[in-house]
Amino acid sequence: MRKKKQNKNNNHYEKRAKEKKRQREKQKKQFLQLKKPEKFRVSNASCIQDTIEIRKISPEGIFEVGENRYSITYQMNDLNYVTKTYEEQELFFGEWCRILNALDVHLCKITVFNKNRNMEAFRANVLYPYKQDGFDFARDCYNDIMESKIIHSKRGIEQVKYLTITITRTNYDDAKLAFNSITSNLVKEFASIGCLLLPLNAKERLRIFHDFYCMGEESAYNFDIQNCLSQMRDFRNDIVCDSVDFCENPAYFKTNTMYGKCMCIDPDSYPDDELSDDFFDELINISQRSMFSIDIIPIAKAATKDFIEGRYMAVQSKIQKQQQKRNKNNDFSLDISYPVRMENENIEEMLEDITQNGQKMFWVGIHFVLLGERLEEVEEASDNIDLIIENHGCYSNDLLLRQREALATILPYGTRHVDSMRSMFTRMAAILIPFKVMEMQMKKQPFYYGCNKESKNVILCNRKQLMNGNGFVFGVTGGGKSFTGAKLEIGSVFLNTNDDIIIVDPTHEYMDVAKAFGGSFIEISPHSTNWVNPLDCDVSLLNANVVLDEGCEANELEDGTDLLHIIAQKSQIMCGIAEHSMEKEFKPQHASIIDRCIKILFTDIASQPIKERKVPIMSDFYEILKQQKDEEAHDIILSMERFIDGSFNTFNHPTSIDVKNRVTVYGIRDIGEQLMSVGMLITLSNIRQRIIQNASIGRATWLYVDEFHELMNKK
């Protein structure tokens, strides 16, 4: 009886062991099934259209790329990552890990396309057009600089980054609803790290494939989905080149104009510890036409946990067998072999990462294709890539006889046809950061600002299109603030717009700018003959019918000239001059007297016939002031005497310069400490009046204040 019972127990344990083994095999199969390559749309391609892994397209940009598989592509802008501090990079890395953990899709593909820059569009949108105004020679200089920087910095290559999401749905309508939700969440999540996601429609998405297959003919793309539907034409005809040959060489493919080589990072060569965060950045920022893709397949947490627990049980079984074997040999040591011990520790660490550290597992693969007009060019780029990869402890795989499969995997269809993937936890997958530095390359009438130090790309911007167009240029003395920060932009503004430019120059460094562009240089100093009248205005437009009674509104001329507005403006200027002169003794009574005198002065002018009107100067105001019988008027007369009849009478003259020139420079180097406050007040008042006049006619005004910190120290 005892023997029968023992046999029954043995059979029970054997059944349980077999059942557990079947479960582990099933879990392993499900786990590995996620990275299984997909089948081609057309197995034996007879034409290049057959190699395009897109079955159907919709105008919204949703493509059917497999059996119940749909994909959508977003263009994403770059971010400032390398310029962040270490603490900021840590915070960013945590946010990036959070975004990856939130992915719940079949496939996420990040694509970096180093493509030809469309030089025709660049010349049309960026280069300064000729105006036949005598300054076209300067426009030639600017245009030559911009074009040479683009061609020589990265061989005329433009880098664009895309995110492609693939999901599994039974029909298009379900896929569209799902993508609406996914897009809303992704845009929000990426916006939290400062990245803008822009969904691409069918035309924009097909352009990616056209620019890849037809490099050098980017401007020929003219796809129209409505014409395509009405003519019953295959959309693939609009994006492919004349021929693609995958048979000439097992390690290359050839189009009618280019050679290409598809490669991948060997999945067995990834280091056990984390890669450097600059690994992927070094790969994608080569000066070579190329395309890189990171394929990320999220694995459900439950499936990951079951798979790892199965591996853990298998390791425990190994440990138990080792103990049993040693016990039979009368070796009762608790030690286990080093390989099994390390495997056990690694699996325990994985379980801890999943259960406690919030890590998720992904299948990850890095594939890329290098392009060149000559085979030698591709070989050289391949050697450079191998050197970068080996420096980070990895190796590349040439994907021999799998060039078609690899190319279909790399292009942002949203499919995979190569099984070259490695399982990674979130922290290791997230280290493949596709961001480096944000580019500033506006396309609508931009100005050239030099080259980005990190990316080597040109900086093209128009501050008028920004939400806040104000700016500061910081730098040490002699660091080039005036030349690169201001003079370069001033030249761009003058040559590329009709805007006015006003410069406040405390060091007389901008005399050459005024001379070069035919502008006016106004030297503000006691010995200068360049005079600026603080009471200057167009007296011919003053309305004589303005009612000056308190509480009444001023009548305006058709052009908007307002006598009360002029009185208020000039009263404010004269009060400012008196306040600087009298310092703490200036009181509200003094302001009332000044306002009264200004009102008398301009009312008298407005009552005269237009032909007899003259622009008043400070001495005219001074004569009216002396007629006032108030006791406080005597204080104002004494404080302003030096500005009328004294040594500081430089502002008591009619304006003698052309302040309406497109380029006006106010030189205040020799104005002197005592006259600085009053001089700046009058200068800024004159500038303010000019800006208001320009705004009324729709003209922009660019105001530059050099050595701003010195002016801030003046009282």
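A polar contact is a pair of N or O atoms within 3.5 Å; within protein, one atom must be able to donate a hydrogen and the other to accept it. The legends below describe close-up views of a predicted model.

**Figure 1. Surroundings of S71 in strand β3 of the predicted model.** The side chains of S71 and R205 are joined by a polar contact of 2.6 Å. S71 belongs to strand β3, which covers residues 69–76. Its relative accessible area is 0%, so S71 is buried. Beyond the residues up to four places away in sequence, S71 touches G61, I62, F63, V65, T164, I165, T166, F179, R205, Y413 and G414. One of these partners, Y413, lies 342 residues from S71 along the chain, yet the C-alpha atoms of the two are separated by 7.2 Å.

**Figure 2. Helix α10 and the elements that its buried residues pack against.** Helix α10 consists of 18 residues, 338–355. At 1.5 Å a residue the helix should span 26 Å, and its end C-alpha atoms are 26 Å apart, which agrees. The buried residues of α10 are V340, N344, I347, L351, D353 and I354. They pack against helix α9 (301–328), strand β13 (422–425) and helix α13 (426–429). An α-helix has 3.6 residues a turn, so residues three or four places apart point the same way.

**Figure 3. Salt bridge between E377 and R289.** The closest N and O atoms of E377 and R289 are 3.8 Å apart. E377 lies in helix α11 (residues 375–391), whereas R289 lies in the loop between α8 (279–284) and β10 (290–298), so the pair ties together parts that are 88 residues apart in sequence. E377 counts as buried at 15% relative accessibility. R289 is buried too, with a relative accessible area of 12%.

**Figure 4. Salt bridges of R233 with D238 and of D670 with R669.** In the pair R233 and D238, the closest N and O atoms are 2.8 Å apart. R233 counts as partly exposed at 27% relative accessibility, as does D238 at 21%. For D670 and R669, the closest N and O atoms are 3.3 Å apart. D670 has a relative accessibility of 29% and counts as partly exposed; R669, at 48%, is also partly exposed.

**Figure 5. Network of salt bridges formed by E95, R98 and E189.** Salt bridges link these three residues in a network. A search of the whole structure finds 28 salt bridges.

**Figure 6. Nonpolar surface patch that includes V705.** The patch is formed by F472, F474, I691, L703, V705 and F708. Together these residues have about 610 Å² of accessible area. V705 is found in strand β19, residues 701–705. With a relative accessible area of 31%, V705 is partly exposed.

**Figure 7. Contacts of T255 in strand β8.** Strand β8 covers residues 253–255 and includes T255. T255 counts as buried at 8% relative accessibility. Leaving aside neighbours within four places in sequence, T255 is in contact with C241, S243 and V244.

**Figure 8. Overview of the protein chain from which the close-ups are taken.** The chain has 21 helices and 19 strands. Of its 715 residues, 48% count as buried. Among contacts between residues at least 6 apart in sequence, 76% join residues at least 24 apart. The chain exposes about 37,000 Å², with carbon and sulfur atoms supplying 49% of this area.

How values were computed: Residues are numbered from 1 along each chain as its sequence is written. This is a predicted model: local features need pLDDT of at least 70, side-chain atom pairs count only at pLDDT 80 or more; totals for chains, interfaces and linings use all residues. Side-chain values use heavy atoms; hydrogens and water are left out. Helices (H or I, at least four residues) and strands (E, at least two) are DSSP runs, numbered from the N terminus. The expected span of a helix is 1.5 Å times one less than its number of residues. Buried means under 20% relative accessible area, exposed over 50%, partly exposed in between (1.4 Å probe, protein chains only). Contact means heavy atoms within 4.5 Å. Patches are made of residues with over 30% relative accessible area and no salt bridge: like charges are joined within 9 Å, nonpolar side chains (Val, Leu, Ile, Met, Phe, Trp, Tyr) within 5 Å. Accessible areas come from the Shrake-Rupley method with a 1.4 Å probe; for residues, only the protein chains shown count as cover. A salt bridge is a side-chain nitrogen of Lys or Arg within 4 Å of a carboxyl oxygen of Asp or Glu.
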